[in-house]
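Here's a quick briefing for anyone meeting this structure for the first time. Take a look at it, then read on.

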Amino acid sequence: MECPLRRFEVLDVSDPTLLARVRAMGGGALAEKMGIQITEASADRVVATMPVAGNTQPMGLLHGGASVVLAEQVGSIAANIAAGPGREAVGIEVSATHLKSAQEGIVMAVATPISIGRTLASYLIDITNEAGERTCSARLTCFMRDRQA
């Protein structure tokens, strides 16, 4: 099965339909199961939302692993857009600090670049609750390479 992100090579970052095209590609089975929805996509910023319900640990709080999945999803999409035609980005390191719990509602992740080079791209991902309070701060580094056949 082909990874949906592999299809990013056809994306033109100046295309005004970029967000619609990213949404149409889907984010993979895990993102779908977790209810992740991309709301903004550009070379400089990717935004997504995820419901807390269904993504909790036994204590009823948003699972830290769910926050990391959300962070890696938006950061990976951003890196694949930045990689450009004929190239792809693969995550090589992710770290997260969980700052505040969430028990209900929706969380929003915003990925912005820290550094984008030819072979490495790093992103800061802030996840906030509906009150705008930061629940998690994550960093993702991706290796950008020529597309593998």
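Let's start with one residue in a loop: Glu133 is partly exposed, with a relative accessible area of 35%. Keep in mind that this is a predicted model. From Glu133 we'll move on to other charged pairs, then to the sheet, and finally to a tyrosine.

**Salt bridges**

- Glu133 and Lys100 meet through their side chains in a salt bridge, at 4.0 Å from N to O. This pair links distant parts of the chain, with Glu133 in the loop between β5 and β6 and Lys100 in the loop between β3 and β4, 33 residues apart.
- Lys100 counts as partly exposed too, at 41% relative accessibility.
- Glu93 has a salt bridge with Arg139, and their closest N and O atoms are 3.3 Å apart. Here the link runs from strand β3, home of Glu93, to strand β6, home of Arg139, across 46 residues of sequence.
- Glu93 is partly exposed at 29%, and Arg139 is partly exposed at 35%.
- Arg147 pairs with Glu88, the closest N and O atoms being 3.4 Å apart. Because Arg147 lies in the segment after β6 and Glu88 in strand β3, the pair ties together parts that are 59 residues apart in sequence.
- Glu88 is buried, with a relative accessible area of 4%. Along with Arg145 and Arg147, Glu88 belongs to a network of salt bridges.
- In total, the count comes to seven salt bridges.

**The sheet and its helix**

- Six strands make an open, antiparallel sheet, in the order β1-β2-β4-β5-β6-β3. β1 (37-41) and β3 (87-98) are at the edges with a single partner strand each, so one side of each has no neighbour in the sheet.
- On average, neighbouring strands are turned by 25° against each other, direction ignored.
- β3 and β6 (residues 134-146) run antiparallel and are joined by eleven bridges. Along this pairing, Thr97 stands opposite Ser137 in β6.
- Helix α3 (residues 64-83) packs on the sheet and touches β1, β2, β3, β4, β5 and β6, with its direction at about 150° to that of β3.

**Tyr123**

- Tyr123 sits in strand β5 and counts as buried, at 0% relative accessibility.
- Its contacts farther along the chain include Gly75, Ala79, Ala82, Ile114, Ile116 and Leu140.
- A polar atom of the Tyr123 side chain lies 3.4 Å from the backbone oxygen of Ala78.
- Tyr123 and Val74 are 49 residues apart along the chain, and their C-alpha atoms are separated by 9.3 Å.

Terms used. Residues numbered from 1 in each chain as written. Predicted model: local features only at pLDDT ≥ 70, side-chain atom pairs only at ≥ 80, totals over all residues. Heavy atoms only, no water. Pairing = 2+ DSSP bridges. Helix = DSSP H or I, 4+ residues; strand = E, 2+ residues; numbered from the N terminus. Axes fitted to C-alpha atoms, helices over the stretch in contact; angles between N-to-C directions. Contact = heavy atoms within 4.5 Å. Buried < 20%, exposed > 50% of the residue type's maximum accessible area, 1.4 Å probe, protein only. Polar contact = N/O pair within 3.5 Å; in protein donor to acceptor, adjacent residues only side chain to side chain. Lists of a residue's contacts leave out its neighbours within four places in sequence.
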